[in-house]
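Trainee: Could we go through this structure together, one question at a time, with the reasoning set out before each answer?

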Amino acid sequence: MSFISAGNFLFHLSIGLLSLPLLTECDKIRLVGPSRCSGRLEVFHRDNWGTVCDDHWSIANAEVVCRELDCGMVYDAKKGGSFPGGRDNIWMDDVQCIGNESSIFDCPQNQLGDNNCDHSEDAGVTCSDHLRVVNGSSRCSGRVEVYHENNWKRVCHSDWTKGNTDVVCREINCGAPATQAEMLYFGEAHNLRGVKANCGGNETSVSQCKFQEFNETCVDATVVCTSGKPLRLMNGTNRCSGRVEIYHNGQWGSICDDGWEMQEADVVCREMNCGTALSVKYKSFFGRGQEDIWLDDLQCTGEEKFLADCPNRGFGSHDCDHNEDAGVICSESIRLPSGTNRCSGRVEVFNNGQWGKICDSNWHKEEAAAVCQELGCGLPRESQETFNFGDSDLKGYTTSCVGNVSTISQCTLQEVTGTCKGVSLACAGISPLRLVNGTDRCSGRVEVLHNDQWGTVCDDQWDIKDAQVVCRAMDCGTAKTAKTHAFFGQGHEHIWLDNVGCVGNESLLLDCPRAVPGPNDCNHGEDAGVVCSADIRLVSGTNQCSGRVEIYHDGRWAPAYKVNWGINEAKVVCREMNCGDPVKFSGSYDEGRYRSGYRFTCNGRESSLTRCVRREYIRAGNVRIEQATVECSGNVRLTGGSSSCSGRVEFFDKNQWGTVCGEAWDENDADVVCRQLDCGRSHKITTTTQYGTGTGHTWTDQIECDGTESTLSQCTQRPFTTRTCNTTSVAGVVCTEAMEVRLANGKDACSGRVEVRHGNTWQTVCDTDWTLNKAMVVCEKMECGHAMNASRGAQFGQGSGLVVEASNSCFESVTSLQQCNINGFRKATCGHEHDAGALCAARVQLVGGSGECSGRVEVLHKGQWGTVCDDSWGMSDAMVVCRQLGCGLAVSAPTGATYGRGTGPIWLDNVACRGNESAITHCTHPGYGKHNCGHGEDAGVICLGAVQKPNITLSPGPEVNFGDTVKITCSVGKEYLVGTFFLKRSQGSFEMTKSSELGAETFTLPTVNFSHNGSYFCEYKKTFSGQVIVFPRGDTAELYVTMKLEKPTISLESSAAMVVYSPVKVSVAQGSSMSVTCSVYSRYPGGYFYLTNSIKSTTQTMPAVAKSVFLVAHFNFSAIDYKSQGEYNCVYGFNVSSKTFGSAPSKSLHVTVDATMVQFINRFGGTMKQDVVERSNGGLYGRDCSNQVIEQAESRRVADARAPENLAGRMTYDFEPLVVLG
């Protein structure tokens, strides 16, 4: 190796320095279309233009193209041959830019020419050729720049107006300008000349505005637009109807109709400046869209400014197709803002592109009727004088309607000069409620109007309070019953409401807390209905069976006056209302304000008050006459017990009381009775004659409640199908309000805050002196087993009312607790923050097994053993049972009555234990007695001490190389010796088995391949007392087989001169030869080397040849020219099992070709070889422009070879070492 002289040093240095600034970007990209910045994308490769396939084509790709072509903002990324005419080559496919690349060639993509496309998939781009908004936080904000007189220029803030901003925001599809308290700073474009823009505000493009050079100090103009997601309505009958599409990611897309409601339509119509939403459309009413579906499951409140602001699943996330495209119809030319609903407000019209108000100077009923009809709001309300929805500063118009017009646009508008008062209008609207298929106007299936379509109401949680709202809204008197299970037949089409949850005092059903139209889990077999009293109602009472008596006659409600009003009249009313017997027939329930009413005379046997003698009664002057009132007993009562909240169940129907057959009586039925009587919930049911048999009628139909009904009459009643009722079985119940103690605010009846009763008053217990033994007394009295915990500090929340002491005299036993219940408790001094609580646990036993630790699970509740249903029954549930019984851990959770069918109640179902609970009754479950099972589904458990699941270990580890030997060891505790291990894999049917006497076994996989990848686990089986016990499955261990190929090395040798600027930066003489060697030490022979020129995007392949302990390949290059220069690296590849593996690339070697290099011969008369040591360093970038560069370099070469004395030292520092090889 020899160093060059100073003169030659300067010669080579001048070539390098002159070449650097001349490496300009060549024209390798173009758009073929209507303008320089819009069209089909084509790239230049191998001396030919070719297109780009639209696979993975995105707005990010388009951004790179627009920037590379100096074309400003991207508007759209076109697919599907939007700009036809492509032919011959398709050079690019699967382009996936990030968006910040400087050239489309820099983006990840297939090798040039490698594609699976045809020209119908040619990609295109639409850019702005004259506008860009830069340096902002989004595409809709930033500094404004325009392309003017063939150059980009900054727009100056001087004389920048709202009209200018309007045009910019509109052109870039970003909505309207946002209101800015101050001008935001988005940087400065000091390198651009400035212009002033003058736009009127109505231009469709900034290119239509006027520009003037601005030579003074320029402060950049900025814009902040309100929305990057504008809307449009497609395929409608006018500008304000059609399929809704939204602009996102450079493309328009439709919206799925899942969750599409009037609230969403309100936002669309307001954003589109289209007045009021008239209706929503589903199922591609306006035709199917063609591109993306951008939004799904929108949940607007209706108050949002933009549709994109509404909660949704995220842009592009949906489960729809274009058959579900959403649409909307807006009023277009009329709106009623500032009203109390969509059918009231100030009247405004859209005329000549702007909104104006209607003046009251020429306003008549005809115009009001036209507006109400156009908005689908029925007729104008009779009295309009009381409505005033304010005024506005909008331009005023008078209107004149002639004949029978249906829209205000059919009327004549006349602009008013000066000021005028705007018109306020209230339309009656269309009743959103109707009753269908009933026996009269006041009974039937409930249907509501939503989005201009009728739909039913699901009966989930449907009760008398919901029925009260319906009857009131329909002017149908008092609710008599709430019907479920499609009592009035099944509806069609939509089910609008579910889980309505009315309080009972709402004016409309849609005013109820959860009355929001939307998704539900119902079918039309669950359609809700009502039966209203129709001609009679009880007003202002405490329930549906008490209040002032009013009757419906001659189309109006009128009072029954308390004139000769007595027990006979009250009997008729209670009977007609299906409310049992009269308890009181005098009292005050607020006084009505009627001027006239009726007096009645009845004999007490009539079926309706309308059958009694009726006489009109008119009050004279200010004479005060009381209205008739009544309080009925209701249609359910409990008799024969110690209080009104315990006893035999009697039900009033068809004008008579009767006992209820007890053969099908259960906890759900009893809960409804207790709820109806305001007696809490059911504590215990009876089906014997404990409370007597009664002397009257017996209702022999079986009553089937689901437990959520508010009255017994809501429950399904049907005859027994397989037998008749045994009338000696009588339904009875003890409600919690009849108990001396209760547990409140817990997750079930056996946990919660301790409350004791004295008379009719419930009191909490102070936690001072509260002990587990006292909690035991409470649990025993509640028949909830034994106490597991006596909580303090209001763990179950703070109660209300009086706080009493937990004295020994009251909580020593159940008897003493009952005595204090009668005599009273001593008042405590602590507050409710010290309320005591109790957590009870029912006793558990295992029946039918080989011992006390296996068998059918039974729970003792309210003095009766019952089973557990196997729905969702699993090992975590069995674990809790075994721990509760002191039987260690569970090893099995048998189902399907493995230990025989139990008898009696099924207490628990759908038990969901986490596994760490202290008792099975503490696990999540629907409640005692709530199930859908038979005893053929009784659950069981098998417990076995402290058994543990087997362990698993992998050697040498979880990640191994192809061909390695792997050993997998399974093990269990020493106390479980002698058994069988099973090694299994989660994927497939792999299984290996070994018997073991030592508690551990090792399974060997001698030569692993890729089929051994997977999740392995151990199982263990052991025989106890003749029964095979399967231990819990062990944890999984992942085995990952891979092939790691060593990184190769790269070296170069040449027969001619080389200039070495650095160890990996080489210049060789044009026309000489060179050889690039790839080598690697690898345990996997028989592979290939790939030599890649990353700049030229070329790859050569040669088989690897064994040489000593290395694998080697030589890539020879003869008669080197500029095509051979570039950045080279080596990759070693190996194929096995139809898979190809590649090593990491070697370090790069950058080679340049020099046509001017002086040839040198070494002193030995031959060529010199220099292996270039690897080092990570970038090389000079050679491009197809090389000939142009060399020609320019030759023309500018300096003949004077002399240089300053310190030049060699300085450049040696920059390019060290600098040598010539020959």
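Mentor: Let us begin with the sheet, keeping in mind throughout that this is a predicted model. One pairing to look at is that of β59 with strand β61, residues 966-971, which is antiparallel and extends over 5 bridges.

Trainee: Which residue of β61 stands opposite L954?

Mentor: L954 falls within β59, which spans 951-955, and β59 pairs with β61 in the antiparallel sense. Within β61, the residue standing opposite L954 is I968.

Trainee: In what order do the 3 strands of that open sheet lie?

Mentor: The edge strands, each pairing on one side only, are β59 and β64, the latter covering 1000-1005. Neighbouring strands of this sheet are turned against each other by 20° on average, with direction ignored. The pairing is antiparallel, and the order of the strands is β59-β61-β64.

Trainee: Turning to strand β6, residues 124-127, which residues lie on each side of it, and are they buried or exposed?

Mentor: In a regular strand, side chains alternate between the two faces of the sheet. In β6, G124 and T126 are on one side, V125 and C127 are on the other, and both faces are covered, with all of these residues buried.

Trainee: What is the bridge partner of V74 in β6?

Mentor: Strand β2, residues 38-45, runs antiparallel to β6 and is joined to it by 3 bridges, with R40 standing opposite G124. Strand β4, residues 74-78, is also antiparallel to β6, and there 4 bridges make the connection. V74 has as its bridge partner in β6 the residue C127.

Trainee: How are helices α9 and α11 oriented with respect to each other?

Mentor: Helix α9, residues 772-781, packs against helix α11, residues 814-823, with the axes 9 Å apart and at an angle of about 80°. Because this angle falls in the range of 65 to 115 degrees, α9 is, relative to α11, roughly perpendicular.

Trainee: How many nonpolar, polar and charged residues make the contact of α9 with α11?

Mentor: From α9 the contact draws on V777, E780 and K781, and from α11 on V814, L817 and Q818. Sorted by class, the contact has 3 nonpolar, 1 polar and 2 charged residues.

Trainee: Among the disulfides, how many residues apart in sequence are the parts that C574 and C632 tie together?

Mentor: The whole structure holds 35 disulfides, and one of them joins C574 to C632 with an S to S distance of 2.0 Å. The link is left-handed, with -90° about the S-S bond, and both C574 and C632 are buried. Since C574 belongs to helix α7, residues 567-576, and C632 to strand β38, residues 629-632, the parts tied together are separated in sequence by 58 residues.

Trainee: In which helices do C810 and C820 lie?

Mentor: C810 and C820 are joined by a disulfide, S to S 2.0 Å, which is left-handed with -85° about the S-S bond. Both C810 and C820 are buried. C810 lies in helix α10, residues 808-811, and C820 in helix α11.

Trainee: Is the disulfide of C913 and C923 left-handed or right-handed?

Mentor: The sulfur atoms of C913 and C923 are 2.0 Å apart, and each of these cysteines lies in the loop between β57 (906-908) and β58 (940-943). C913 counts as buried at 10% relative accessibility, and C923 is buried with a relative accessible area of 1%. The torsion about the S-S bond is about 100°, so the disulfide of C913 and C923 is right-handed.

Technical notes. Residues numbered from 1 in each chain as written. Predicted model: local features only at pLDDT ≥ 70, side-chain atom pairs only at ≥ 80, totals over all residues. Heavy atoms only, no water. Pairing = 2+ DSSP bridges. Helix = DSSP H or I, 4+ residues; strand = E, 2+ residues; numbered from the N terminus. Axes fitted to C-alpha atoms, helices over the stretch in contact; angles between N-to-C directions. Parallel < 35°, antiparallel > 145°, perpendicular 65-115°, else oblique. Contact = heavy atoms within 4.5 Å. Nonpolar A, V, L, I, M, F, W, Y, C, P; charged D, E, K, R; others polar. Buried < 20%, exposed > 50% of the residue type's maximum accessible area, 1.4 Å probe, protein only. Disulfide = S-S within 2.5 Å.
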